[in-house]
Amino acid sequence: MASSSNHFDFHHGSNNDDDFFDQYCDEQFDNLCDATEEVIPTERKKRTYIERNREDGHKQLWEDYFCDNPTYTENLFRRRFRMNKALFLRIVNRLAAEVPYFKPKKDATFRNGISPLQQCTAAIRQLAYGAAADSIDEYVRIGETTARQCLEHFVVAIVDLFGNEYLRRPTQEDLERLLFYGEQRGFPGMVGSIDCMHWKWKNCPTAWKGMYSRGTDKPTIVLEAVASPDLWIWHAFFGAPGTSNDLNVLDQSPVFNDIIYGRAPKMNYYVNGREYNLSYYLTDGIYPEWATFVKSIPQPQHPKHSLFAQRQEGARKDVERAFGVLQARFAMIKNPCRFLSKGKIAYIMRACLILHNMIVENERHSYTLYDEEEFEKDDIHTFSVEMPTNLQGLGDGHTRIRDRQAHRQLREDLIENIWNKFGHLPNN
């Protein structure tokens, strides 16, 4: 048997070649080491620490506004905090008791942390004045990053703790009061006025600018709201892109979901002797001719039509006034929004709406046009409200809402009702 042979050849170089290769490697290694030694290591930039004396900030804030003999009066507190002191302290105490971020803490050296008063003051000042996060550093003694965190935690806490109460559906008692207000103004069955406002979005992502910009305007986000005469906002739908008009927003809005799904309260009221069972909103001219909307008459020619247009347009300004008061109270939603996250923007808007309603509830007795006692003593109404007990058909709700004939008949009856109620007044 023949012996096997190995066909794998390995070339062995001479000793001179090995010495040359070793010498080359040593030179390259030495050069690399020399280059490394020549590089001067840079020290990591440390974060600047500023001793703000936060205890002095809390003491100054307490002496200025919250002690028994404060430096500034109640009127100045109301102007700078946008609400009465009792309401503000109610919010602070609720947050300090139920939200971990606002609970008083101590650091590792048993030094008191930032107080809930400082945190809530920092958040309110940013909402009220629309200022930068570091603008309150000198007074409240809170840095820029901490102030921004206070704002973000504050709006989330307001929505979680107070949202169910102050952005709720109208209860039976609320509806009866709203219908009473509408009846006094010549609009039986009216529960508010509806419209939209735009909030500019300065830092809108570039990829979304086409969707949120109308023409050459800046990007905006739309808020749809329903407001009553006392400026309480009953319905809020926020987030539609700025390219949407009022009709596009209405198509996305859940404002009529309760009627469509049979959850709306059953009500009956009479206008000019005719019975109706759907409440309605006052709107401007862009909204469709639905049974749940009452629009004005453009270019009225008859005295009855002129009086109706005057009364309708005056009452419809409730929602415009609510938007104006909302933006005047919270400059952050009047100025272009500087946040990038749409989720944070939505929380800020909802928190401002809740705070607005809390202020309305706290102060409505000082500016409302109607006496609450008169409503409570008046047992004779031309309307009745009954909360729903079961669900109705979906198609039925859509058909009732979009009934044009009912819209026109309601407007004619309202024209006669307003003329009979106010037509004899000297100014008409």
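These are my notebook entries on the pockets, salt bridges and backbone angles of a predicted model.

**Entry 1: largest pocket**

I began with the empty space. Rolling a probe the size of a water molecule over the atoms shows where such space is left. The largest pocket holds about 940 Å³. I listed its lining and got 38 residues. Nearest the centre are Arg-169, Pro-170, Val-255, Asp-258 and Tyr-281.

Next I looked up which elements supply the lining. At least two residues each come from helices H8 (172-184), H11 (257-260) and H13 (342-363), and from strands E2 (220-227), E3 (233-241) and E4 (266-271). Strand E3 gives the largest share, with five residues. Sorted by class, the lining has 23 nonpolar residues, eight polar ones and seven charged ones.

**Entry 2: second largest pocket**

I then took the second largest pocket, with a volume of about 500 Å³. Its lining consists of 20 residues, and Tyr-49, Ile-50, Arg-52, Gly-143 and Thr-146 are the closest to the centre. Helix H7 (residues 144-166) provides the largest share of this lining, three residues. By class I noted ten charged, six polar and four nonpolar residues.

**Entry 3: salt bridges**

Side chains of opposite charge can pair when their charged atoms come close. I found 18 salt bridges in the structure. I looked up three of these pairs in detail.

Glu-363 and Arg-78 meet through their side chains at 2.7 Å, N to O. Glu-363 sits in helix H13 and Arg-78 in helix H3 (residues 74-81), so I checked the spacing in sequence: the pair links distant parts of the chain, 285 residues apart. Is Glu-363 buried or exposed? Its relative accessibility is 9%, and Glu-363 therefore counts as buried. Arg-78 is partly exposed, at 24%.

Arg-274 and Asp-413 also form a salt bridge, again with 2.7 Å from N to O. This pair links strand E5 (residues 274-276), which holds Arg-274, to helix H16 (residues 404-422), which holds Asp-413, across 139 residues. Asp-413 is buried at 3% relative accessibility, while Arg-274 is partly exposed at 37%.

The third pair is Glu-416 with Lys-304, at 3.2 Å, N to O. Because Glu-416 lies in helix H16 and Lys-304 in helix H12 (residues 303-329), the salt bridge ties together parts 112 residues apart in sequence. I checked the accessibility of both partners. Glu-416 is partly exposed, with a relative accessible area of 25%. Lys-304 is partly exposed as well, at 23%.

I also noted a network: Arg-168, Asp-174 and Arg-177 are joined by salt bridges that share partners.

**Entry 4: positive phi**

Last, I looked up backbone angles. Most residues other than glycine have a negative phi. I wrote down two residues with a positive value.

Asn-53 is not a glycine, yet its phi is positive, about 55 degrees. Where is Asn-53 found? I placed Asn-53 in the loop between helix H1 (15-38) and helix H2 (54-66). Asn-53 is partly exposed, with 34% relative accessible area.

Phe-110, not a glycine either, has a positive phi of about 60 degrees. I located Phe-110 in the loop between helix H4 (85-98) and helix H5 (116-129). With a relative accessible area of 67%, which is over the 50% cut-off, Phe-110 counts as exposed.

Definitions and conventions: Residues numbered from 1 in each chain as written. Predicted model: local features only at pLDDT ≥ 70, side-chain atom pairs only at ≥ 80, totals over all residues. Heavy atoms only, no water. 1 Å grid on protein atoms, 1.4 Å probe; cavity = no way out; pocket = protein on both sides within 12 Å on 5 of 7 lines; lining within 4 Å. Points joined across faces, edges and corners; volume = space filled by probe spheres on them. Helix = DSSP H or I, 4+ residues; strand = E, 2+ residues; numbered from the N terminus. Nonpolar A, V, L, I, M, F, W, Y, C, P; charged D, E, K, R; others polar. Salt bridge = Lys/Arg side-chain N within 4 Å of Asp/Glu carboxyl O. Buried < 20%, exposed > 50% of the residue type's maximum accessible area, 1.4 Å probe, protein only.
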